[in-house]
Amino acid sequence: MGYFIFRRTVGFILTLLAVSVVVFAVMNVLPGDPALTILGMDATEDALAALREQLGLNEPLLTRYVNWVWNALQGDFGISHSFRVPVADLIVERLLMTVSLAVAGMVVTLILALGLGIGAAAQHRKFGDWGVMFLSQLGIAVPAFWLSMLLVLLFAVNLRWLPPGGFAGWSDPMAAIRSLILPTIALAVVQSAVLARVTRSAALEVMRQDFVRTARASGLSRRRVLWRHVLPNAMVPIVTIVGMQFASLVTGTIVIENVFYLPGLGRLIFQSISNRDLPTVQALVMLFAAIVVTANFVVDLLYVVIDPRLKARA
Amino acid sequence: MPDLSRTLTITTLALSLGLGLSTASASADQIVIGLQQEPTSLDPTADATASINGMLTMNVYEALTIVAENGEVQPNLATGWEVSEDGLTYTFTLAEGVTFHDGSTFDSEDVLFSFNRAMAEDSVNPSKAKFATIDTVTAIDPLTVEITLSKQDAFFLFNMGQGDSIIVSEGSAETNATAPVGTGPFKFERWTRGDRLILVKNPDHREADNVALERVEFRFISDPAAATAAMMAEELDAFPGFPAPELLPQFEADPRFRVNIGSTEGEVILAMNNAKAPFDNIDVRRAVATAIDRDEIIDGAMYGQATPIGSFYPPHGTAYVDLTDAYPHDTDKAREMFAEAGVEGTTMTLRVPPFPYATRSAEIIQAQLSDAGIDARVENVEWGFWIDEVYSKKNYDMTIIAHTSPNDMGNFARGPDYFYGYDDPAFNDLWERIRTEADPEARDELLREGQRYLSDQAVHGFLFQLPLLGVFRTEVEGYWSSSPVVYMPLKGVSNGG
């Protein structure tokens, strides 16, 4: 186990290092000049030169990269070129929004998917199963932005129950929850459709096994068998998908954030790339990479917890 | 299925949180305004982003002069001015008893500081060129400032009423990017980046009695469909720069809303790289002008909501001449002209920035050029790429762009380094005469000459004037219907009641 964690930590560091080199190189190869995007079409040559000097864009590429890595290691991610505030502040401001949405989305996804998936498996080849399969097919097929628009039209424009978008922060918790309901549903429907199908087939797989029949024969109720014996044994594929989904929830909220005009990380990275705001893009990509790698790591750890037989292989 | 029903109960519970709670209520002295472009900083003297001016200039920040809706220059922080006989010395009298929002007093020292900052060696002012004619700025006494120019500048007073020439205080200039401090009728209260920016009324402003709004909230919504939903749900009271002309009819049909179609200073052009073959050949440029059909472009790209232009001057301006018939649309003739110039059948790139007016126009122009025998390849590029590759490095054949600055005919006199690649001593002389002509009528006559000259030279394909499309709740009054500048004063705006 100790070796396993060591190996994963080294992998984590190497991944981040590789990502940092790639992002830095790509952002510098990409045509675009941060000074020009800030000062616009009427800017004079000397104003542009002064701004480049201010932003430290005149240093050689390698010096800038080494400085960036050195400062980042000490927790200083630099000043955003376009926002003119520390990148760390920008990210912290928006992280709460995106994480709130991702966590809410994940929780609703898990509740919906596990309930529906196990329910469908229990009703295998009956009406409930077909219903869940049909709904999940629909959920997978519907594009998230289109579903979002429908939700907005119904609940915000026609019924006026919920705001059509925006997020003013957690200072007013009730308003914050209300703002998050529609985006959470939009996120969770698509994700849980995928997960419900995985849960169903994993559960069906387990239900065919002998120990399930034994459990039923020993007098345990159908429900108890499902939740206490089938679900835990079906967890490995479910956790794999959940891990992938969590990573994509955090990084992939960009569409949802756009439709519901939420001030999250997805919109920030989009805007920063357009503005050629290298320090912000760099820090965000590193953050996303770290989230993906961490999610994978947690999934690997969970495998061992779920299925002790895997411990030997780790 | 008990499990399913429990799940549904939880979902219903979550949903019912929203029930019974109404959405943000609008009262008469408050307004919520939607903006498409999200600003990254809040200092118009260091960042050209249009929404900074749209929200803050003349609301939070003020300048010596202000430009009214009809384009007229009016007193602002300067209550009046005198111009010397030779037109080179301007003596401004400043408003008395004005304070900045941080409590510091406004006087001639602040004017001096602001101008020196904009003109300094290390200045990052996006319109530094506008200050180039200024020779000296002197504080005669606390309420008098004298500015001398090195040569006459017909646009000087107009330029003094722009976002890049606002008067800032030395104590707050450096932090304006995140916490703007000005002298205007509204004070900055709060900015949640990416979500909203809030202004409150400044009770100490000299015209506070005429300001109806107590609180102004700007919301940033870039997606046109989301903007529509937010208006329809009455989350917003106004969307003064509505991004999608195709979505306007549903607002026009709804009695809750009023749609405004005004004009801006934005001339949309099909720019041709005059420094590069084949566009260094005037016959090719004239052939392009003949090949394009403005009406079709306006119908297709702007859903009919734009005024065609035949040269580089806004149709609502006093010196406007209609030159849209200079090169009547004639595909066969254009084909002949291309053939005569020896470019028939060649391939050209049309690099387009990511604005709907540009990308939509590009497709139609591509088809029109194709009919006339030219294969135009459309390349949709993002803004960072466009401004570097097309604008700065002049690496393009054709592009489509709106020039939104007022009085910008001087672009054609910016020489071979400007992305037009157009260098014409005759026009440079003409522009110098326009710029230094103090008499408005004589200047208008020269501007007419300029329009005719540019049209005759067919420097670019002149397409249409970018419209100002706005959607407002019917209660909202006092908004400018057209804008001769890039700002939108809220001083005279009210929200019913």
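How many residues has helix α6 of chain A, and how far does the helix reach from its first C-alpha to its last? I looked this up in a model that is predicted. Helix α6 of chain A covers residues 127-141, which is 15 residues. I found a reach of 21 Å between its first and last C-alpha, close to the 21 Å expected at 1.5 Å a residue.

**Entry: the two sides of α6(A)**

I next asked which residues of α6(A) are buried. They are A:Val132, A:Ser136 and A:Gly139. Viewed down the helix axis, the buried residues of α6(A) lie within an arc of 55 degrees, so they line one face of the helix. I then looked for what these buried residues pack against, and found α5 and α8 of chain A. On the other side of α6(A) I noted the exposed residues A:Phe127, A:Trp130, A:Phe134, A:Gln137, A:Leu138 and A:Ala141.

**Entry: chain A as a whole**

I counted the elements of chain A and recorded 14 helices and zero strands. I noted that 41% of the 314 residues of chain A count as buried. Taken along the principal axes, the C-alpha atoms of chain A fill a box of roughly 85 × 60 × 35 Å. For contacts in chain A with a separation of 6 or more, I recorded that 71% link residues 24 or more positions apart.

**Entry: nonpolar cores**

Which residues touch the most other members of the largest nonpolar core? I listed A:Leu182, A:Ala186, B:Ile31, B:Ile33, B:Val216, B:Ala230 and B:Ala238, in a core of 123 residues. Helix α8 of chain A, residues 173-207, contributes the largest share of this core, with 15 residues. I also noted a second, separate core of 75 residues, which includes B:Val284, B:Ala306, B:Val390 and B:Ile400.

I then examined A:Ala186 by itself. Leaving aside residues up to four places away in sequence, A:Ala186 touches A:Ala144, A:Leu147, A:Ser148, A:Leu151 and A:Ile256.

**Entry: where chain A meets chain B**

I looked up the contact between the chains and found 58 residues of chain A in contact with 54 residues of chain B. At least two residues each of the side of chain A that touches chain B come from α2 (34-39), α3 (45-55), α5 (87-122), α7 (144-158), α8, α12 (254-259) and α13 (265-274) of chain A. Which helix gives the most to this side? I found that α5(A) does, with eight residues. By residue class, I recorded 32 nonpolar, 17 polar and nine charged residues on the side of chain A that touches chain B.

**Entry: strand β7 of chain B**

I turned to strand β7 of chain B, residues 144-149, and compared its two faces. B:Val145, B:Ile147 and B:Leu149 form the covered face, whereas B:Thr144, B:Glu146 and B:Thr148 form the uncovered one.

How many bridges join β5 of chain B to β7(B)? I found five bridges between strand β5 (residues 89-94) and β7(B), which run antiparallel. In this pairing I noted that B:Tyr90 has B:Ile147 of β7(B) as its bridge partner.

Strand β6 of chain B, residues 134-141, also pairs with β7(B) in the antiparallel sense, over six bridges. I noted B:Ile134 opposite B:Leu149 in β7(B). The connection from β6(B) to β7(B) is a hairpin through two residues.

**Entry: backbone details in loops**

I checked the peptide bond between B:Ala277 and B:Pro278 and found it cis, with omega about 0 degrees. B:Pro278 lies in the loop between β12 (257-272) and α7 (282-291) of chain B.

I then looked at A:Arg276, which is not a glycine yet has a positive phi of about 55 degrees. I placed A:Arg276 in the loop between α13 and α14 (278-306) of chain A. Why does A:Arg276 count as buried? A:Arg276 counts as buried because it has 28 C-beta neighbours inside 10 Å, and 20 or more are required.

B:Lys394 is a residue other than glycine with a positive phi, near 55 degrees. I located B:Lys394 in the loop between α11 (383-392) and β16 (398-403) of chain B. With 17 other C-beta atoms within 10 Å, B:Lys394 is partly exposed.

Note on methods
Residues numbered from 1 in each chain as written. Chains lettered and ligands numbered in written order. Predicted model: local features only at pLDDT ≥ 70, side-chain atom pairs only at ≥ 80, totals over all residues. Core = buried A, V, L, I, M, F, W, Y, C linked by C-beta atoms within 7 Å. Buried ≥ 20, exposed ≤ 12 C-beta atoms within 10 Å, placed from the backbone. Helix = DSSP H or I, 4+ residues; strand = E, 2+ residues; numbered from the N terminus. Contact = placed C-beta atoms within 7 Å. Nonpolar A, V, L, I, M, F, W, Y, C, P; charged D, E, K, R; others polar. Expected span 1.5 Å × (residues − 1). Arc of directions from axis to C-beta. Pairing = 2+ DSSP bridges.
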